[in-house]
Each structure stands twice: as structure tokens, then as C-alpha cells.
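Thanks, everyone. Please pull up the sequence and the structure, and we'll get going.

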Amino acid sequence: MKGEAKIFLAAALDPEVIAHLAQEKRVVEWDEKKGELVAHTELRFGEIILEKKILKTIPEEEKIKLVIDAVKKSEMQLLNISEEFLEFTSRVICLRKWNASKNWPDLSMENLVLTSDEWLAPYLQHVKTKNDLLKINLLEIISARFSYEEKQLLEKLAPQKLSVPSGSHIKIKYHDDGSAPVLAVRLQEIFGMIKTPSINNGKIKLLIHLLSPAYRPVQVTQDLESFWKNTYSEVRKDLRSRYPKHSWPEDPLTAVAVRGVKRK
């Protein structure tokens, strides 16, 4: 191919002959391809590596800085970002947006990346590989920054779950943009619930995703009173033939909420 060089004559290189011209280079870095810290010294003659020796120890401060830099570069994708972790941070982010006068910390992903050398560094003493990073429990680390009283207040203002008339505890879905959190619940489980539930001391109404017995969306509302009064009868007419084993009372406000099929 054009541009390729061909060697027609070459001689073996004797390392001892050029040893006095070689220079030692220390290499300590995070190898992105291998997903691990590498540390060794190289004896080099130009770009030729004559000898490589593994470094058995790396100063703690240097090692942690390299791992932190790798985490920042990956925008935290090297870490195990669990659903539970995201749920916790979203609740705090919402409270920060809804209550500007209160001192809720900034747990946005951007700020966590920016400040990772503050909150993550103490947990990196034994980290050498990507697998080591994936074992770190981020939820434990972040939640440990909150006092018992703060955790109680978080649960009061932005609860993880809401108890509904059927006795079920339904998870609330929070959004980082501070928009109305979603409660996705089967219709039969909230018979008797007249008003739309709210959180954050009654300032934020939940967005109710009403589901069929098959967990398919039927209606979305922030006004349950209006739904029961104006829309429920049409939903009942449409669905009771498809789900005859489930409860479809004419008056949902006085009916008993149930989790499954009609009680005998």
C-alpha cells in the first residue's frame, strides 16, 4: 500500500549496548481499556521499551486522585448507580427545588461528579479496578451525610411510598426537574380516596396514573374529585366487561378498596 515503509535490512538490538543511553519512566495511571490502575516503571530508549517493572505500592493520595479523575471523566458511569440511589437523590433534588429557603444539599448528578473528591474519596482506599468501584454502595455513602432528623424530615415531606385505601404502599416516582411526582396505582385500590394526595406539607399534588387491573394506564389526573364525578362512569362502562372478576361499583367513594379480584 502507498505510504507504507518496508525494511529490507535490520540487525538485532542488544539492550546492554544502549543501556547507558536509556531513561527510566514511571507510569501510574488509570487504564480505561482494562478498567484498572496500572503502575510500573519503564526503561526506554526513545519509544522502545527495554524493560518494565511492576510498582508494588502507590502513594495513597496519588492512587485516590487517579481513581477520582477516572470517575469524573466517566461522569460517574464507572460506579454502580442503582435505582434506589436515583430514587433517593431525586427526592432530595425535588425538595431543594420546591423549598428554596431550606438548606437541602445539591445531589444533582452534575454536582456529585464535581464534588466526588469530597464525598467519594474516603471510600477508595482499596479500589484498584472497575469491579472494585462497582462494589461501592452509593446510597449508603450519600444517605450517611444526612442526620436522623433530616432523614425523618425527608420522609415526611417527600415520602418514598404512599399508603392507599387498599392497604398497599405504592412507590412515588419523583423527577429531577421538580415536576409533579407520579403515583401509579390500580383504580380499585383507591376507592374511597376523595381528594388528590399531596406532599411537601400539602404544597405539591401528586399526578395520579390510574391503572387497569392489568396495570395499563386508564387515566391521568391531579383532580380525583373531578375524575370520580365526571369520568369514572365512562371508565367503568369500558372496563368492567374486560375485567369482570374485579370490582366496578357504581359509587366508588363508598366502595371498599381492594388489591385483587372482588371479595365474595
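I'll go through a sheet, a helix lying on it, and then two residues.

One caution: this is a predicted model.

Start with the sheet. It is open, has 5 strands, and its pairing is mixed. The order is β4-β5-β6-β9-β10. Which strands stand at the edges? They are β4, residues 161-163, and β10, residues 217-221. Each has a single partner strand, so one side of each has no neighbour in the sheet. On average, neighbouring strands here are turned by 30 degrees against each other, ignoring direction.

Stay with β4. Its link to β5, residues 169-173, is antiparallel and consists of 3 bridges. Within β5, I170 is the bridge partner of L162.

Now the other edge. Helix α9, residues 224-239, lies across β9 and β10. Against β10, the helix runs at about 165 degrees.

Next, K195. Look in the loop between β6 and β7. Is K195 buried or exposed? Its relative accessibility is 60%, and the cut-off for exposed is over 50%, so K195 counts as exposed. Leaving out residues up to four places away in sequence, K195 touches L224 and E225. There is also S226, 31 residues from K195 along the chain. Their C-alpha atoms are 9.3 Å apart.

Last, E87. You'll find E87 in helix α3, residues 83-98. E87 has a relative accessible area of 18%; buried means under 20%, so E87 is buried. What does the E87 side chain make a polar contact with? The side chain of K171, at 3.2 Å. Beyond four places in sequence, E87 touches Q160 as well as K171.

Notes:
Residues numbered from 1 in each chain as written. Predicted model: local features only at pLDDT ≥ 70, side-chain atom pairs only at ≥ 80, totals over all residues. Heavy atoms only, no water. Helix = DSSP H or I, 4+ residues; strand = E, 2+ residues; numbered from the N terminus. Buried < 20%, exposed > 50% of the residue type's maximum accessible area, 1.4 Å probe, protein only. Contact = heavy atoms within 4.5 Å. Polar contact = N/O pair within 3.5 Å; in protein donor to acceptor, adjacent residues only side chain to side chain. Pairing = 2+ DSSP bridges. Axes fitted to C-alpha atoms, helices over the stretch in contact; angles between N-to-C directions.
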